[in-house]
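I opened my notebook and pulled up a new structure to explore. Here is what I looked up, one entry at a time.

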Amino acid sequence: MAPYHVLRCCQRSLAWIPVIFINLVVGWSYYAYVVELCIFTIPNNLEKISYLVIFHLFFIMFMWSYWKTICSRPASPSQEFCLPKVEKEQYEKEERPDTQQEILKKVALGLPIYTRTGTGAIRYCDHCQVIKPDRCHHCSTCEMCVLKMDHHCPWVNNCVGFSNYKFFVLFLAYSMLYCVFIAATVLQYFIKFWTLCRRRSIGDCPQNQLPDNHAKFHVLFLFFVAAMFFISILSLFSYHLWLVGKNRTTIEAFRAPIFRNGPDKNGFSLGFGRNVAEVFGDEKKLWLFPIYTSHGDGHSFVTRLVNLDPEQLAVGLHINGTSSVGGHASPRHVLQNNINHLEEHQDDGAEAVTVTIESES
């Protein structure tokens with residue numbers, strides 16, 4: 001047992017290497033831009049001040065969203081999705097999969113769960129011992145089930161999911177803006193250093209040109225690094241914007257969620273406007289800030305399906321379901337609120353979502 005804990009401790013320590021690397025690169029870029037470029041190289045004070053103001057604006061927003069992504073603990077299923085004591089004992093004693101599924105189905109009747117496994121079974125995590133909410137997956141690196149899991153990102157040493165997906169998208173956006181601003185403002189000095197000041201002696205440079213000092217090495221490498229990171233981040237940022245517009249996670253993009261009627265890659269899509277609001281919220285003035293504004297609680301999601309699962313409807317959509325777990329509204333109560341909230345915004349241009357409620361006789 002001891003070697004396992006030592007190994008896990010080493011793995012967790014090594015997992016911070018990408019984060020340390022990113023912070024070292026950002027720290028060097030800050031020094032190279034502020035000190036070597038703006039202070040030592042740019043002669044015009046107006047240009048220098050304007051560059052510094054805009055640079056620090058992007059730098060603050062970039063670091064703010066980056067560390068919010070890192071420090072936001074992944075959201076895990078609430079106790080409501082754990083098996084009750086009696087059912088848990090029955091499940092652990094039972095060896096027949098069919099009987100185990102009957103136990104899970106009995107418990108799942110009171111939960112807003114509409115997705116299944118490939119075989120149509122209730123999704124259950126044996127490691128965390130919880131019934132998985134829709135769009136929830138187990139992360140082997142974090143060793144926990146993560147609500148609306150997108151992926152585990154080594155560059156933030158954290159799972160990207162319901163609790164920090166907005167922060168992650170903003171981190172990509174501001175890191176891209178940070179890089180493109182540096183590359184664009186450094187370009188003219190990069191060209192001057194590269195074409196006019198390659199000689200060792202300052203006397204060999206044309207008059208009124210930049211001095212041949214150590215700043216040129218920082219400026220040259222700064223342009224290459226900024227351009228390289230911008231190109232790589234641009235593709236990733238574009239991909240996640242597409243995911244936001246489709247209301248999908250990275251996992252769902254590769255493997256469509258399976259409902260009782262079969263797989264449906266657009267099962268959670270509510271129209272472009274409502275899909276964006278699911279992640280960024282309704283207040284557009286807060287979209288650009290790494291402040292939590294996402295809809296829901298991560299346990300239940302409105303679907304575009306015409307007919308909901310009849311096994312869930314007896315309890316899953318109670319309007320008066322006001323029970324709470326840990327001070328938060330229950331998933332089924334939040335689901336009803338989400339449906340009402342969606343109906344209030346159907347005039348925004350989102351595609352209509354029809355919900356048919358059928359009661360068991």
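**Entry 1: Ala226**

Is Ala226 buried or exposed? I remind myself that this is a predicted model. I looked up the relative accessible area of Ala226 and found 5%. Buried means under 20%, so I wrote down Ala226 as buried. Ala226 sits in helix α7. Next I checked what Ala226 touches, leaving out residues up to four places away in sequence, and found Cys179, Ile182 and Ala183. I also compared Ala226 with Ala184: the two are 42 residues apart in sequence, yet their C-alpha atoms are 9.3 Å apart in space.

**Entry 2: two helices and a ruler**

What span should helix α7 have, at 1.5 Å a residue? Helix α7 runs over residues 215-246, which makes 32 residues, so I expected 46 Å. The C-alpha atoms at its ends are 46 Å apart, and that agrees. Just past the end of α7, I noted that Asn247 has a positive phi of about 55 degrees.

I tried the ruler on α3 as well. This helix covers residues 45-71, 27 residues in total, and reaches 38 Å from first C-alpha to last. The expected value is 39 Å, so close to what I found, going by 1.5 Å a residue. At the N-terminal end of α3 I found a cap: a side-chain oxygen of Asn44 lies 2.9 Å from the backbone nitrogen of Leu46.

**Entry 3: where α7 meets α9**

How do α7 and α9 lie relative to each other, roughly parallel or roughly perpendicular? I looked up the angle and got about 110 degrees, with the axes 6 Å apart. Angles of 65 to 115 degrees count as roughly perpendicular, so that is the word for α7 and α9. On the α7 side, the residues that meet α9 are Val244, Gly245 and Lys246. Their partners in α9 are Phe272, Asn275, Val276, Val279 and Phe280.

**Entry 4: Ser294**

Val279 turned up again when I moved on to Ser294, since a polar atom of the Ser294 side chain lies 2.6 Å from the backbone oxygen of Val279. Ser294 belongs to the loop between α9 (272-280) and α10 (313-316). Its relative accessible area is 12%, so I noted Ser294 as buried. Not counting residues up to four places away in sequence, Ser294 touches Lys166, Glu278 and Val279.

**Entry 5: positive phi in loops**

Most residues other than glycine have a negative phi. That made me curious about two loop residues.

- Lys148 is not a glycine, but its phi is positive, about 45 degrees. I found Lys148 in the loop between β5 (144-146) and β6 (151-153). With a relative accessible area of 9%, Lys148 is buried.
- Asn157 also has a positive phi, near 50 degrees. Asn157 lies in the loop between β6 and β7 (158-160). Its relative accessible area of 18% makes Asn157 buried.

**Entry 6: the chain as a whole**

To finish, I zoomed out. How many helices and strands does the protein chain have? I counted eleven helices and eleven strands. Of the 361 residues, 49% are buried. The chain exposes about 18900 Å², and carbon and sulfur atoms supply 61% of that area. Among contacts with a separation of 6 or more, 65% join residues 24 or more positions apart.

Methods. Residues are numbered from 1 along each chain as its sequence is written. This is a predicted model: local features need pLDDT of at least 70, side-chain atom pairs count only at pLDDT 80 or more; totals for chains, interfaces and linings use all residues. Side-chain values use heavy atoms; hydrogens and water are left out. Helices (H or I, at least four residues) and strands (E, at least two) are DSSP runs, numbered from the N terminus. Buried means under 20% relative accessible area, exposed over 50%, partly exposed in between (1.4 Å probe, protein chains only). Contact means heavy atoms within 4.5 Å. Accessible areas come from the Shrake-Rupley method with a 1.4 Å probe; for residues, only the protein chains shown count as cover. A polar contact is a pair of N or O atoms within 3.5 Å; within protein, one must be able to donate a hydrogen and the other to accept it, and residues adjacent in sequence count only if both atoms are side-chain atoms. Axes are lines fitted to C-alpha atoms, for helices over the stretch in contact, and angles run from 0 to 180 degrees between N-to-C directions. Angles under 35 degrees count as roughly parallel, over 145 as roughly antiparallel, 65 to 115 as roughly perpendicular and the rest as oblique.
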